[in-house]
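Work through the following exercises with the model open beside you, and try each task before reading its solution.

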Amino acid sequence: MHIQNEFQAPLRKDIRLLGEILGDTLKKQAGERVYALEEEIRALSKAARINGDQEAEHKLRQLIRSLADEDTLLLARAFSHFLNMANIAENYHNVRAHKNHAEDAVSDQLNQLEVLLPKLLEQGVSRTEILKTISNMEIELVLTAHPTEVKRRTLIQKSGRISELLSRRDTRNLTPFEKREIRDNLETLITSIWQTDEIRRVRPTPVEEAKWGMAIIEEILWHAIPRYMKNLDDIVLKVLDEELPIDCCPIKIASWMGGDRDGNPNVTATVTHEVCLLSRWMAADLYYREIDKLVQRLSMESCSEELRAIVGDVREPYRVYLRSLRTKLRLTKRWCEARLAGKKGIDAGNIYLDTEELLDELKICYRSLQENKGELIADRGVLNLIRRVSCFGLALVKLDIRQEAPRHKDLINAVTEHLELGSYKDWNEEERQAFLIAECSSKRPLIPMDMPFTPDQQELMDTLHTCAALPPDSLGAYVISMAGSPSDVLAVRLLQKEAGIKKPLRVVPLFETLADLDQCGSTMETLFSIPWYKNDIRGDQEVMIGYSDSGKDAGKLAASWAQYKAQETLTAIAGKHGIRMNLFHGRGGSIGRGGGPVEHALLAQPPGTVDGRMRVTEQGEVIQQKYSIPEVAVFNLMQYTAAVTEATLAPPPVPKPEWRELMEKMSDVSCRDYRDIVRGHPDFVKYFRQVTPEQELGSLYIGSRPAKRKADGGIESLRAIPWVFAWTQIRLMLPAWLGIGSALQMAMDDDQEPLLQEMIEQWPFFYFFMDMLDMVLAKADLRVAAYYDECLASDEVKELGRTLREKLAHTQKVAEHIVQDLPVKEEREILRSSVHVRNIYADPLNLLQGEVLRRIKLGEDPRPAVLNDALMVTIAGISAAMKNTG
């Protein structure tokens, strides 16, 4: 505990400083009365939470019940801002800790890779194998616009500035003036944050979401990639005494922002066209600026014969050479601008359309500098740009297209009926496959030019024609949600052919429900057995595993086990057919949607399923947490690299038969218990809608996508994000644990506790599962959940509320018993300490939210605007307290 206190001391100092400045700001901006109220509420909350003072708890609830509507908003803002300040301090503290432990490291932060590589050598892995794995590694991070980031971008930017000031404050030998200046700047920023409206008043458009993703690249990842690669270069050189290729960059970036139309009517063909061109323009602009800097710097005369042959007998050959690249980039920007304006514009022959062309030209410059004693200039200037081009390409990000399978089925059915071939929807699966394969193999078109379409069908065709018109490197995968059969995949391949897409997007089925995961092996076995399809994919297949909807469908334990088995099955089937399987992990930020530390998650995958590459979604608030400042981004990119390296070269053990047997039993019990409540209890839907803010989430303009796939749908059509979001708000965290307590109890009743302990100690999958369960149970709170029932639940559903809390208490008790000897006691204590501190500020937000919801429920329609604002602020504040939303 002494080590923990020593470790946490600088953090507590930073939190105290930011809290003190925020308190002064509150006093000045909202007045002494509001400040005094905030202090009284904080003191009561502390007494109730830490000392278990029931009188303080009673007074706190009475005080919040008596507040004026306007005061609920001001106090919600105060506590919400404090929690955001605590998050800023924690994020910076993590960076500081990594740097402090890097005294003997070659990189600027302690990272797992530098520890891992010597261990791999000791285990007998050759230097050649390690170098080959890292050199050829493919880690694609897919930025998505999933609506889980509740903070406005302007506040995120201000948070980054506060983090920079905390870093500067740690500088040694600061003068008194410099210390005062840092304090003044912090006060200015926090005042600015207080005076900024934290509520989004307008729902963002898909193009605005895409621009937010581009801003993350421009402001953070653009600067992080060269630093990441410098760390990687130095570690490989130190440990392996080898150099990575100059165009090596394991990290690639893709996006769903502007391409994900699954249930989002706001994402259209026009949006996709605009987003791709905007992204391409930004890439050209970023490269233009870097080339311009090189033109200014590279004034030397000596160059290689290769470069001299291009520029001729001129002075300052590098400047002459690079100006031609700069001109071409300027024309590329103008070409994008013309296309965005709907004009033909510049001849495509004078612009960059091929990333390899730009890379080759930069390599000529690099080689010339190397040959002429300019190694330092080459490595610190041109090499950084080569690595950026290797990472981002000319498209900046490759845009995935995502659409649901029924939309493709509907379109093909319209075609077969128009051509009087019958009803495609009425055909069985074998008939559909035969038809689709025949048409894919045919050289003639299927769809007539004058074919009449419904608006939805026309939009789908417009999207495919847009894909055909864009530069091929603009696009990544075509992801099919709700995929359940081979014909779903073949249908998309046929439609791409019909739209004239010369370089078809790889077709990626997304298996997301429990049934889909169980059947995915059969689906892919059928596809791989089709000669035409096997030839078409050229030995490479990508499949997406859905973590969100499977958890919502069957509960966390059953879903996790089904995902594990699906990955085993898919990899084995692909191997049997000589096909390389690439698994795309659709993970969210919360535990209920597959979240958690990536290094643990990757090592928890089945052995052989990573194989030097991975693709994973980075969603909502996770993007902000991982890539808020360059130092944090570099650390997380290194974590990915280390995890993929380890999972590839030192994979986890194959689970023993007795482990699998117990997992099957626990999965069945867990799924049954989960579904008995979620699907089977007659009051469940009513309870969910009464006590959570689910109905209010549509008013929180945090994404362009509707909360439901169908406007008139029930729980089954509710997306996984608001499902998890709503339960997180009331601290019940139901999707992450429901059913697990019963499953663990069953195992213990069957005298399987020794086997459970063995699984924790020897099987990374089960260790990670229990570790994440432990984390989420530390955030769940029976007392808070009961308060929402008292405020909002009708008498007829209160019994269900009591039942759920009893199940939570039982799960906490059983899980605590099983994980008490986890080899991460210090980390668990740090987590609990963090949650403990946050509860003092989170409790008032939960009490305020319950009270505001009560007033809204009892009040008149339309509700007062101030109550709506107070509710939105509490939602954001509780998200900050939990450090995730959906």
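The exercises below concern a predicted model, and each task is followed by a worked solution.

**Exercise 1. A buried strand**

Determine how many residues of strand β8 are buried, and which of them point one way and which the other.

Solution. Begin with the extent of the strand: β8 covers residues 613-619, and 7 of its 7 residues are buried, where buried means under 20% relative accessible area. Next, sort the residues by direction: R613, R615, T617 and Q619 point one way from β8, whereas M614, V616 and E618 point the other way. This fits the general rule that side chains in a regular strand alternate between the two faces of the sheet.

**Exercise 2. The partners of β8**

Find which strands pair with β8, and over how many bridges.

Solution. Take strand β1 (residues 138-144) to start with: β1 and β8 pair in the parallel sense over 7 bridges, and in this pairing E138 stands opposite R613 in β8. Then turn to strand β7 (residues 580-586), which runs parallel to β8 and is joined to it by 2 bridges; here F584 stands opposite R615 in β8.

**Exercise 3. Helix α31 and the core**

Compare the reach of helix α31 with its expected span, decide how far the helix is enclosed, and trace the contacts of F766.

Solution. Helix α31 (residues 764-779) has 16 residues and reaches 23 Å from its first C-alpha to its last, which is close to the 22 Å expected at 1.5 Å a residue. Counting burial next, 15 of the 16 residues of α31 are buried, so the helix is largely enclosed by the rest of the structure. Now consider the largest nonpolar core, which has 128 residues and in which I162, M666 and F766 touch the most other members; helix α4 (residues 69-100) supplies the largest share of this core, 12 residues. When neighbours within four places in sequence are left aside, F766 is in contact with M663, M666, L756, M759 and I760. Another core, of 96 residues, lies apart from the largest one, and V271, A283, V295 and L358 are among its members.

**Exercise 4. Positive phi values**

Locate E316 and R538 in their loops, and state the phi of each.

Solution. As background, most residues other than glycine have a negative phi. E316 has a positive phi, near 45°, and its place is in the loop between α11 (305-311) and α12 (317-340). R538 likewise has a positive phi, near 55°, and is found in the loop between α20 (531-537) and β6 (540-546). Finally, check accessibility: R538 is exposed, with a relative accessible area of 75%.

Key
Residues are numbered from 1 along each chain as its sequence is written. This is a predicted model: local features need pLDDT of at least 70, side-chain atom pairs count only at pLDDT 80 or more; totals for chains, interfaces and linings use all residues. Side-chain values use heavy atoms; hydrogens and water are left out. Helices (H or I, at least four residues) and strands (E, at least two) are DSSP runs, numbered from the N terminus. Buried means under 20% relative accessible area, exposed over 50%, partly exposed in between (1.4 Å probe, protein chains only). The expected span of a helix is 1.5 Å times one less than its number of residues. Two strands pair if DSSP finds at least two bridges between them. A nonpolar core is a set of buried Ala, Val, Leu, Ile, Met, Phe, Trp, Tyr and Cys residues joined through side-chain atoms within 4.5 Å. Contact means heavy atoms within 4.5 Å.
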